[in-house]
Amino acid sequence: MEFWKKQRKILIAFGVFLIFMLFCTLISRAVYASRLPQVTVDTPRRMALNHTVRADGIVHQGREYAVTALSGLRVRTVYTNVGDKVTPETLLFDLDIEDLNEKIREKELEIKKCELQIAALAQNRGLDAQKQQTENARAQEDYQRAQEKAGEDLERAREDLADAEDAYDSHEDHPVKTTSKADREARQAAYEEWVKKEAELRQALDAAQKEAEEASAKVKELEEAAKTAEPAPKEPEGGTAGGSETSPGTPEDGGEGGGAQDGTGTSPGTPQESAKGTDAGQAEAPEKRENPELSAAKEQEKAAMERLEAAKSAYEAHTRDPVEKPDFSGEDAEKSAWEEKKDSLEDGVDAARRAVEDAERSEADSLLDAGRKVEDARQADSADSSLEVSQLELAALQEELASYQKVRDASGQVYPEAEGVITRIQVSPGERVGDGAAVVYADLSSPMQFQVSLTKDQKKYVNQGDAVELTLGGSSKKELSVDYVAENELNPELYDARVFLPEGEGTIGESGNFQVEAQSETFGCCIPLNALHIDANQRTFVYIVSERSGILGTELAAEQVYVKVLDQNDSYAAVEEGVIDRETELIISSTEELEDRMVIRYKE
């Protein structure tokens with residue numbers, strides 16, 4: 001029983017411990033969450049951006065007039081200032097009369113010089129015309145002489161050509177007769193055939209001669225060998241049955257033998273005959289026998305001698321009627337001389353023909369050159385407008401003198417032509433009048449213009465013809481339109497916009513406010529402007545809400561994402577879609593400065 005009581009106490013204590021731990025966990029999570037930055041979020045939306053362009057400007061005169069005076073005259077007194085209102089009776093400035101009289105005297109002197117120069121130029125032009133007439137007559141005479149001389153040279157050249165052609169034709173009519181090519185080739189072929197046959201027969205004769213000599217040498221060699229190889233005669237042992245005795249002969253004596261003991265004798269045969277045996281018991285003298293090789297050699301020698309005789313007879317028969325080598329050098333030399341003379345005559349014809357061509361060309365060149373001289377003589381001299389220029393200068397000087405005299409008649413005083421307000425004065429007392437306007441005044445009867453300067457960003461939303469709300473001074477807003485927009489000539493970063501005011505509205509120098517409302521195209525991803533941030537590299541980014549795993553489970557974090565801004569106004573910015581979409585939660589405010597991947601919580 002006590003065991004169960006003890007177990008119960010342990011379980012109660014363990015439960016109290018778990019409740020304590022849960023309480024501590026809740027307290028720690030509450031403390032951790034209370035320290036996290038609290039953020040406010042928003043999502044992108046599809047919309048068009050409204051742009052409002054505001055700028056301050058000034059009213060300018062609508063139309064200006066310039067008052068001019070003759071340049072170079074000295075100003076004596078200036079009677080007005082910038083901003084003065086003037087009428088046609090208001091004296092603007094006057095000129096120094098003494099200086100004006102000096103200018104008039106100078107112009108009169110220049111006019112006198114110009115008149116004298118014109119007279120001299122007119123006289124010289126008459127002399128030049130007379131000189132040109134003389135040159136024209138001389139050039140015509142030179143042309144006639146050149147034509148006659150060129151015609152004579154050409155006629156002589158043509159006669160020389162006719163003589164050369166006659167000589168050439170006469171030579172052509174008496175050609176040299178020569179053996180034809182076919183006959184020359186036939187005779188040369190016959191000669192070459194005879195030479196070839198002679199060489200062949202000579203070669204055969206030499207070969208037969210050599211063969212005969214070699215056969216004779218061999219026979220002689222074999223005969224010498226037979227002499228040295230013949231054995232000495234021997235005595236028969238004990239005698240023969242017939243009791244006969246023989247003695248062999250020598251090759252020199254025809255092989256004669258000695259007599260037999262029984263009184264009978266035999267004569268040796270020829271070398272071609274072979275020895276015959278005798279019956280038993282009969283004595284017979286050995287007969288001398290010839291070498292078979294020697295016999296064959298003698299037969300070959302005989303055949304070789306016969307062939308030599310045949311070759312010699314054939315060679316002598318061929319050379320008995322020789323064919324002479326054809327020689328055409330004589331007729332070739334005669335032909336060559338004829339051809340050389342023909343070429344010489346032909347060259348003479350060519351030279352005469354070229355001489356005719358040269359004479360014709362020379363005639364054409366001479367007549368062309370003489371004709372050009374005639375044309376040059378007839379042609380007027382190069383344009384000389386010095387007389388006319390001097391006359392124009394005289395007219396201009398006379399006009400200037402008239403202008404100076406007109407100013408003197410007005411006592412040197414200068415007045416405006418209409419009523420207005422002076423906006424610029426370009427003359428000073430004691431200084432000379434320069435080119436351009438001396439005094440500029442605004443015409444008060446023409447409409448005024450409101451002018452304002454715009455930046456490049458503002459210019460994107462302001463174009464010519466756009467509606468504009470204009471406020472001048474303390475007057476109410478007026479609905480007008482932009483009449484002119486252009487780049488500022490002095491500062492390319494600025495643009496000038498002008499609005500023509502209605503007649504009777506505005507005064508010169510009056511300030512005003514310029515306001516234009518413009519709407520952009522519709523963008524699919526527009527975010528509040530306070531969601532945009534810029535890093536140190538001037539790149540634009542936003543913070544979006546993402547999830548990550550933390551010590552307390554899944555947590556919210558601020559993730560830095562770079563975006564591309566397409567357009568923006570004072571409240572919203574249009575960014576490029578893809579990186580973020582319509583479902584992305586953007587952080588638009590935070591209780592602390594955020595960093596990438598920082599843990600956050602929604603603002604309660």
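A nonpolar surface patch, as the word is used here, is made of nonpolar side chains joined within 5 Å, from residues with over 30% relative accessible area and no salt bridge. With that in mind, look at the model above, which is a predicted one. Phe-14, Phe-17, Leu-18 and Met-21 make up such a patch on the surface, and together they offer about 400 Å² of accessible area. To find the patch, start from Phe-14, which sits in helix 1, the stretch covering residues 2–35.

The surface also has a charged patch to visit. Glu-155, Glu-159, Asp-160, Asp-163, Asp-166, Asp-169 and Asp-173 form a negative patch. Asp-166 makes a handy landmark here, as this residue belongs to helix 2.

Now let us turn to charges that find a partner. Side chains of opposite charge can pair when their charged atoms come close. In this model, the count of salt bridges comes to 22, and a few of them make good stops on our tour.

Stay with helix 2 for the opening example. Glu-110 and Lys-107 join their side chains in a salt bridge, with 3.7 Å from N to O. The two residues are 3 apart in helix 2 (residues 97–172), so about one helical turn separates them. How buried or exposed is each partner? Glu-110 has 34% relative accessibility, so this residue counts as partly exposed. Lys-107 has a relative accessible area of 15% and is therefore buried, as the cut-off for buried is under 20%.

The next salt bridge reaches across the chain. Lys-298 and Glu-223 meet through their side chains at 3.6 Å, N to O. This pair links distant parts of the chain: Lys-298 lies in helix 4 (residues 292–319) and Glu-223 in helix 3 (residues 181–229), with their positions 75 residues apart in the sequence. Lys-298 is partly exposed at a relative accessible area of 32%, and Glu-223 is partly exposed at 33%.

A further salt bridge brings a helix and a loop together. The side chains of Lys-456 and Glu-493 pair at 3.9 Å, N to O. Lys-456 is in helix 7 (residues 456–459), while Glu-493 is in the loop between strand 13 (484–487) and strand 14 (494–500), so the pair ties together parts that lie 37 residues apart in sequence. Lys-456 is partly exposed, with 40% relative accessibility, and Glu-493 is partly exposed too, with a relative accessible area of 47%. Elsewhere, Arg-74, Asp-99 and Arg-432 are joined into one network by salt bridges that share partners.

What about disulfides? Searching the whole structure turns up 0 of them. Cys-526, for instance, is in no disulfide: the nearest cysteine sulfur belongs to Cys-525 and is 7.1 Å away, whereas a disulfide needs the two sulfur atoms to be within 2.5 Å. Cys-526 has 0% relative accessibility, so this cysteine counts as buried. Cys-114, at 5% relative accessibility, also counts as buried.

One last stop shows how the fold brings far-off residues together. Asn-50 is part of strand 2 (residues 45–60), and with 45% relative accessibility this residue counts as partly exposed. Follow the chain for 519 residues from Asn-50 and you reach Asn-569, yet the C-alpha atoms of these two residues are separated by 6.8 Å.

Technical notes:
Residues are numbered from 1 along each chain as its sequence is written. This is a predicted model: local features need pLDDT of at least 70, side-chain atom pairs count only at pLDDT 80 or more; totals for chains, interfaces and linings use all residues. Side-chain values use heavy atoms; hydrogens and water are left out. Buried means under 20% relative accessible area, exposed over 50%, partly exposed in between (1.4 Å probe, protein chains only). A salt bridge is a side-chain nitrogen of Lys or Arg within 4 Å of a carboxyl oxygen of Asp or Glu. Helices (H or I, at least four residues) and strands (E, at least two) are DSSP runs, numbered from the N terminus. Patches are made of residues with over 30% relative accessible area and no salt bridge: like charges are joined within 9 Å, nonpolar side chains (Val, Leu, Ile, Met, Phe, Trp, Tyr) within 5 Å. Accessible areas come from the Shrake-Rupley method with a 1.4 Å probe; for residues, only the protein chains shown count as cover. Lys and Arg count as positive and Asp and Glu as negative; His and the chain ends are not counted. The place of a charge is taken as NZ of Lys, CZ of Arg, CG of Asp or CD of Glu.
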